[in-house]
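Open the model in your viewer and keep the selection panel at hand. Each stop below says what to select and what is there.

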Amino acid sequence: MHSVVFKHLVTPNFQDATSQAFQERLSLMLDLLQGQRKTSDPDVMMRAAAETVGRYLSVDRTGFFEMVDDDNLAFSVGWTAGRLPLLTGAFPAVGIGTGYLTEVRSGKTMGIFDASKDSLTADSKFPDIGTVSLIGVPIIRHGRWRAGFYVNHSEHRRWTDDEIALVQHVGEQTWDAVERARAEIALRKSEERLTFALEAGGGVETWDWDIPSDRVYASPRFAELFSVSAARAAAGAPLSLFLDAISAEDRHRVGERIREASATGAVLAEEYRVIQSDGSVRWIYARGRCHLDADGEPLRFPGVVFDITERKKTESALRQQWEAFDTVLSNTPDFAYTFDLDGRFTYVNRSLLSLWQRTLEDSVGKNFFDLAYPQDLAERLQRQIQDVIRTKAPVRDHTPFTDPNGETGYYEYIFVPVLAQDGQVQAVAGSTRDITELRRAEEAIRESEARFRSLAESIPQMVWSADETGHIFWYNRRWYDYTGTTFEEMEGWGWEKVHDPKVLPSVLAQWKGALSSGEP
C-alpha cells in the first residue's frame, strides 16, 4: 500500500516534479512524520493529521473513525473549518451508500464529486451531514476494515489523483503511528500492572534457569527461601542446589515435573515444601514454562514462585472447621445440604448420602434431575430453590420420596437463603426431616378418630368431646336431632342454653369439679 502511495507522491501526474506544490506536499508529510514521533498520544496524532490535511486542501471537515463492528462505525478525532460541525458518535456503515460501502470494504480509496448524484452514494446519508464531495480512505488490517480517514467538503469539488494519494498516505501513515502508540501504551500498562503485582504480591519471586549451562539466576528472596546466598543466586547456581532444599517427601515429584516440562515445553505448576535453614517449613507454589530452541532442545526455563505458607495455614484451619462442621451435621438424623445458585449440590451430609446410597464425590455438582429424582418432584424442588434466590425468603414444604430400595417415606424440608455481606444471595442451604413415623401416627389417629365417630354416630345416645378446659368441640348427630340446635350454637359452653335452669348450677358444679380433679 505504501509503495503505491509513494509512487503518487514521488512521480506525480504533472510535468514539473519539482514544482512548488509538490515540494509543499512533501514538506507537509515530513512535518507530520516528525510531529508523530514527538508524541505518544494517539488522539494528538490524529487531530494533527486531520487539521493539517484540512487546512492544506482548504476543505470543511476531516477526521478519523473506527469500526465498532462490521456494520457500525464510531467517529473519533476530527477537525472542522467551521462550515460543517464535527462528526461524533456512532454511524451505520450502510449510511455511506451501498455501492460505496462495497468499494470501501474492498480497500479502495476514492474521491466523490457529488454524493447526492454519484451512483455509489446516491442512497447515502451524506447530504444529511452537509457533505457534498468527499474523499474516503478505508484502513484495512488483516483483511478487515478497521478504521478510516475522511475528507468532507460542503461544495462540489473534483479531486485530483495527487490529492487522493496525499489523503490516502496521511491516513495510512497516521494510523500506523496510532497503532504503534496504542501498542506501546498497552505494553507500558501491562508492565506497570506486572510490576505492581510483583511488588504488592508479598511473596512473588522470580527465577530463570539457563539449561545448557545449568545456571539458575534468582531474586534475593527466592534464594533465601531455598537457603542459597543472594550473591550466588545472582551469579547463577546449579539447579541441584535449589532442589536440595525441597522436602524429601516432595523432591522426587518436583524433579520429575521439571524434567517433563523441560522435555516438552509444557507449563510447570507445582506446590511443594522447602526446608529453611532454621529447620522451619515454607510452602511454595512454582509456575514457569521451558523455552525450546529451533531443534526442540530446552534452552531457558523462567518462572515465578509464590510463598503460600499462610494460605496453607488458612486452608488447614478451614479444613479442620469443615471437618468439625461435617461431623456434627453427619451425625444428626436430619438431612443437611447446600446448593449453588444454579441449584447444584455443593455439600451433602452422610445421612442423605446414605438414603441416596451415593458418595459425596458422586453427588456434589449435581442437581435433582442428575440424581434421578422423579421429573415432577425435581422440577418443583429446582423451582423452589430459584424462588428462595429471587425472594430471599425461606420455602417450607413436604413430599413423599422412594429410596433406591423401593421404600417410600415422607419428608418435611426447608430451603433458606445464605446472604453475602452485600445482602445478595450467594448460596441456598436446606435441611430435611424424616416424618414417616409421625405421618403414620397421624394417619393412625385419623383412622381411630374416624372409627370412633362412625360408632358414635350409630348409637342412640348423645355423645360429645371437649378439651381440657371444658370447651366442647364436637357433638354427634343425635345431639343436634334431640336439641334442635347447630354446632355454632353449642360450641364451647353453648350447651348450657338447653339445660333446665334449675338443674344447671348443680351440673356446672359437678362438671367443673371433674375438670379440676380428673374424676368421672
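The tour starts with the whole chain, then visits a sheet, a hairpin, the cores and a few loops.

**Whole chain**

Select everything first. This is a predicted model. The protein chain holds 16 helices and 19 strands. Of its 520 residues, 39% count as buried. About 29,600 Å² of the protein chain is exposed, and carbon and sulfur atoms supply 53% of that area. Among contacts in the chain with a separation of 6 or more, 45% link residues 24 or more positions apart.

Now colour by pLDDT. The mean for the protein chain is 85, and 88% of the residues reach 70 or more. Then select residues 1–18. Here the pLDDT is below 50, and the stretch has 25 contacts in the model beyond near neighbours in sequence. Where pLDDT is low, predicted coordinates should not be read in detail.

**The five-stranded sheet**

Select β13 to β17. These five strands form an open sheet, ordered β14-β13-β17-β16-β15, with antiparallel pairing. Which strands sit at the edges? They are β14 (345–348) and β15 (395–402), each pairing on one side only. From one strand to the next, the twist averages 25°.

Move to β17, residues 425–434. Nine bridges join β17 to β16, residues 408–419, and the two run antiparallel. Show two of the facing pairs as sticks. Proline 417 has valine 428 of β17 as its bridge partner. Valine 416 stands opposite alanine 429 in β17. In a regular strand, side chains alternate between the two faces of the sheet.

Next, select the turn. The hairpin of β16 and β17 has five residues between the strands, and glycine 423 takes a positive phi near 85°.

Add β13, residues 335–339. Five bridges pair β13 with β17, again in the antiparallel sense. Look for alanine 336, whose bridge partner in β17 is serine 431.

**A second hairpin**

Go on to residues 464–475. Strands β18 (464–466) and β19 (472–475) run antiparallel and are joined by three bridges. Five residues lie between the strands of this hairpin, and glycine 470 in the turn has a positive phi of about 95°. Alanine 466 has isoleucine 472 as its bridge partner in β19.

**The nonpolar cores**

Select Trp207, Trp209, Phe226, Phe242, Ile258, Tyr272 and Phe301. These residues have the most contacts inside the largest nonpolar core, which has 28 residues. Show the elements around them as cartoon. Those that each supply at least two residues of this core include the helices α6 (220–225), α8 (239–243) and α9 (248–264). Strands on that list include β9 (267–275), β10 (281–289) and β12 (298–307).

Centre on tyrosine 272. What does tyrosine 272 contact, leaving aside its neighbours within four places in sequence? The partners are Phe226, Ile246, Asp250, Arg253, Val254, Arg282, Trp283, Ile284 and Ala286.

Apart from this core lies another, of 27 residues. To find that second core, select Ala50, Leu57, Phe149 and Ile164, which are among its members.

**Loop stops**

Step to glutamine 276, in the loop between β9 and β10. Is glutamine 276 buried or exposed? Its relative accessible area is 13%, so glutamine 276 is buried, the cut-off being under 20%. Beyond neighbours within four places in sequence, glutamine 276 is in contact with Glu224, Leu225, Ser227 and Arg282.

Next comes serine 58, in the loop between α3 (42–57) and β1 (61–69). Serine 58 is not a glycine, yet has a positive phi of about 55°. With a relative accessible area of 53%, serine 58 is exposed.

Select glutamine 357, in the loop between α11 (350–356) and α12 (375–391). Here too phi is positive in a residue other than glycine, near 60°. Glutamine 357 counts as partly exposed, at 47% relative accessibility.

Finish at proline 127, in the loop between β4 (110–112) and β5 (133–141). At 46% relative accessibility, proline 127 counts as partly exposed. Draw a distance from its C-alpha atom to that of alanine 115: the separation is 7.2 Å, and the two residues are twelve apart along the chain.

Technical notes: Residues are numbered from 1 along each chain as its sequence is written. This is a predicted model: local features need pLDDT of at least 70, side-chain atom pairs count only at pLDDT 80 or more; totals for chains, interfaces and linings use all residues. Side-chain values use heavy atoms; hydrogens and water are left out. Two strands pair if DSSP finds at least two bridges between them. Helices (H or I, at least four residues) and strands (E, at least two) are DSSP runs, numbered from the N terminus. Axes are lines fitted to C-alpha atoms, for helices over the stretch in contact, and angles run from 0 to 180 degrees between N-to-C directions. A nonpolar core is a set of buried Ala, Val, Leu, Ile, Met, Phe, Trp, Tyr and Cys residues joined through side-chain atoms within 4.5 Å. Buried means under 20% relative accessible area, exposed over 50%, partly exposed in between (1.4 Å probe, protein chains only). Contact means heavy atoms within 4.5 Å. Accessible areas come from the Shrake-Rupley method with a 1.4 Å probe; for residues, only the protein chains shown count as cover. pLDDT is the predictor's confidence in each residue, from 0 to 100.
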